[in-house]
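Open the model in your viewer and follow the stops below in order. Each stop gives a selection to make and says what is there.

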Amino acid sequence: MKIFAHRGSSGTHPENTLAAFQKAAELPVAGVELDVHLSKDGELIVIHDEKVNRTTNGKGYVKDLTLAELKNLDAGNWKGEEWVGEKIPTLAEVLDVFAETSHIINVELKTDIFPYEGAVGKVIELAADKHFSGRIVISSFNHLDVQQALQVHHARAALLASNILVDITDYAKSIGTNRLHLSLPYALRHGAQLVEKGCKVYVYTVNSLDYAKQLQAIGVHGIFTDFPENMWEQLK
Ligand code: G3P
C-alpha cells in the first residue's frame, strides 16, 4: 500500500509549503499530494482553501490576488512561530523540490468551486516542461477536469468521489479512469468491493494506524496521510 504525504508532511509542517514538501521529499514514501488554484494573474498556486484566510496572515480569495500579493503573505505562522517566513509556493517551485527524487506528485485541481479556466492545461504543460509527465497524477472533485486531463495527459488521472448514486465502477469507466480517491468512511464501507472489481483505490485522509491496517488488509492501493513519516515507520 503506497503512502502519500497529504499536503506535504502537513501534520508536522505547515501544509502545502516548501517546508512540508522538503520534509516529504526526504521520506521513502511513494508520493505527495498537493492542491492547486489559479492566482488573479494565472499562476498555478499551491494552497488548499479557496481563501488564504486559514493558512496565512492575509484575507480573500486566491483568485483575486496576484502572485506578488500572495508571495507577500506568511503561510507558516499559523502552524507555529518556528515556521514564520514560509510562503505560499507555486506548483513550479514544488516540482523543483522533487526534481531529483522519484516521488509521484498528485496534483489536486481545486476546480470544483471556481472553474479556473485553463488550469488543467497549465498543469500538464508545466509537468511536461519540468519532465514530470510520468510522475503526475491529476485529481479533482470536478470530474469534467479529470476527463479532460485524461484526454491530453496519458499518464494517469484520478477521480475523487464520496457518495454517488450510480455504480461507481461504471461511473469511473464512463469518465475514463479506474483510479478512485475515496474518503475514509466511504472506503471503509465500499473499498473491498471496489478493489475486487479492479479499481485502484486510494484513500484520504488516514492518520490512524488502525484504519491504515484495515485498508491494507482489504487491498487498498494507497493512502493519503498527514503523518507520512510515522505511518511509513509503522507499516513497513
Ligand atoms: O486529494 C485527497 C484529499 O486531499 C481530498 O480532500 O479536502 O484534502 O482536498 P482535501
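Select Arg7 first; in this predicted model, Arg7 sits in the loop that runs between β1 and α1. Check its backbone angles: phi is positive, about 60°, although Arg7 is not a glycine. Is Arg7 buried or exposed? Arg7 counts as buried because it has 27 C-beta neighbours inside 10 Å, and the cut-off for buried is 20 or more.

Stay in this loop and go to Asn16, which also lies between β1 and α1. Asn16 is not a glycine either, yet its phi is positive at about 55°. With 27 C-beta neighbours inside 10 Å, Asn16 is classed as buried.

Now select Glu15, in the loop between β1 (2-6) and α1 (18-25). Around Glu15 there are 25 other C-beta atoms within 10 Å, so this residue is buried. Which residues does Glu15 touch, leaving aside its neighbours within four places in sequence? The contacts are Arg7, Gly8, Ser10, Ala20, His48 and Thr55. For a distance check, pick the C-alpha atoms of Glu15 and Glu229: they are 15 Å apart, with these positions 214 residues apart along the chain.

Next, colour β1. Of its five residues, four are buried, so the rest of the structure largely encloses this strand. Two strands pair with β1 in the parallel sense: β9 (residues 222-225), over four bridges, and β2 (residues 31-38), over three bridges. To see one bridge of each pairing, show Ala5 with its partner Thr225 in β9, then His6, which stands opposite Glu33 in β2.

Keep Glu33 selected and add the ligand. Nine residues surround the ligand, and those that come nearest are Glu33, Glu108, His181, Tyr204 and Phe224. The shell around the ligand is split between three nonpolar, three polar and three charged residues.

From the ligand, follow Tyr204 into the next residue. The peptide bond from Tyr204 to Thr205 is cis, and its omega is near -25°. Thr205 belongs to the loop between β8 (200-204) and α8 (209-217).

Move to β5, residues 136-140. How many of its five residues are buried? Five are, so on the count used here (20 or more other C-beta atoms within 10 Å) the strand is mostly covered. In a regular strand, side chains alternate between the two faces of the sheet. In β5, one side carries Ile136, Ile138 and Ser140 and the other Val137 and Ser139, and all of these are buried.

Add β4 (residues 104-109), which runs parallel to β5 and is joined to it by four bridges. One pair to display is Ile105 and, opposite it in β5, Ile136. Trace the chain from β4 through helix α4 (residues 119-129) to β5: this β-α-β crossover is right-handed.

Finally, zoom out to the whole chain. Its secondary structure comes to nine helices and nine strands. Along the principal axes, the C-alpha atoms fill a box of roughly 50 × 40 × 35 Å. The radius of gyration is 17 Å, which agrees with the value near 18 Å for a compact globule of 236 residues. Buried residues account for 44% of the 236 residues. Among contacts with a separation of 6 or more, 52% join residues 24 or more positions apart.

Notes. Residues numbered from 1 in each chain as written. Predicted model: local features only at pLDDT ≥ 70, side-chain atom pairs only at ≥ 80, totals over all residues. Near = placed C-beta within 6 Å. Nonpolar A, V, L, I, M, F, W, Y, C, P; charged D, E, K, R; others polar. Rg over C-alpha atoms; globule rule 2.2 N^0.38 Å. Buried ≥ 20, exposed ≤ 12 C-beta atoms within 10 Å, placed from the backbone. Contact = placed C-beta atoms within 7 Å. Pairing = 2+ DSSP bridges. Right-handed = clockwise from strand over helix to strand, strands pointing away.
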